[in-house]
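Reader: Hey, I've got a structure to look at for class and could use some help reading it. Can we go through it together?

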Amino acid sequence: MSGFPMGLPADPMMLYSVINTKLRDEYPDLGKLCEDMHINAEDITERLRMAGFEYDEELNQFR
């Protein structure tokens, strides 16, 4: 997996928290968040999947 840009934590629990907060407060979906932050959605999804989280499009959050 590629590295994340500065500001995104490597720790999966912290990443989970940061991404879900951004999805809740700033972005209508994961695609817009990734586009704006110049990150790969597959990288985020895979990293969080490995920690036990899946993206729920309907809720716009990882669970």
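Author: Sure. One term to start with: contact means heavy atoms within 4.5 Å. And keep in mind that this is a predicted model.

Reader: Okay, so leaving aside neighbours within four places in sequence, what is F62 in contact with?

Author: Quite a list: Y16, I19, N20, L23, L30, I44, T45, L48, F53, E54 and Y55.

Reader: And which residues touch the most other members of the largest nonpolar core?

Author: F62 is one of them, along with L8, I19, L33, I39 and I44. That core has 14 residues. Helix 1 (12-25), helix 2 (30-37) and helix 3 (41-50) each put in at least two, and helix 2 gives the most, with four.

Reader: Let's switch to L33. Is it buried or exposed?

Author: L33 counts as buried because its relative accessibility is 0%, and buried means under 20%. You'll find L33 in helix 2. Setting aside neighbours within four places in sequence, L33 is in contact with I19, K22, L23, Y27 and I39.

Reader: New topic: how do the axes of helix 1 and helix 2 cross?

Author: At roughly 110 degrees, and they come within 10 Å. Angles of 65 to 115 degrees count as roughly perpendicular, so helix 1 and helix 2 are roughly perpendicular to each other.

Reader: Which residues make that contact?

Author: Helix 1 brings I19, K22 and L23, while helix 2 brings L30, L33 and M37. Five of the residues are nonpolar, one is charged and none are polar.

Notes: Residues numbered from 1 in each chain as written. Predicted model: local features only at pLDDT ≥ 70, side-chain atom pairs only at ≥ 80, totals over all residues. Heavy atoms only, no water. Core = buried A, V, L, I, M, F, W, Y, C linked by side-chain atoms within 4.5 Å. Buried < 20%, exposed > 50% of the residue type's maximum accessible area, 1.4 Å probe, protein only. Axes fitted to C-alpha atoms, helices over the stretch in contact; angles between N-to-C directions. Parallel < 35°, antiparallel > 145°, perpendicular 65-115°, else oblique. Nonpolar A, V, L, I, M, F, W, Y, C, P; charged D, E, K, R; others polar.
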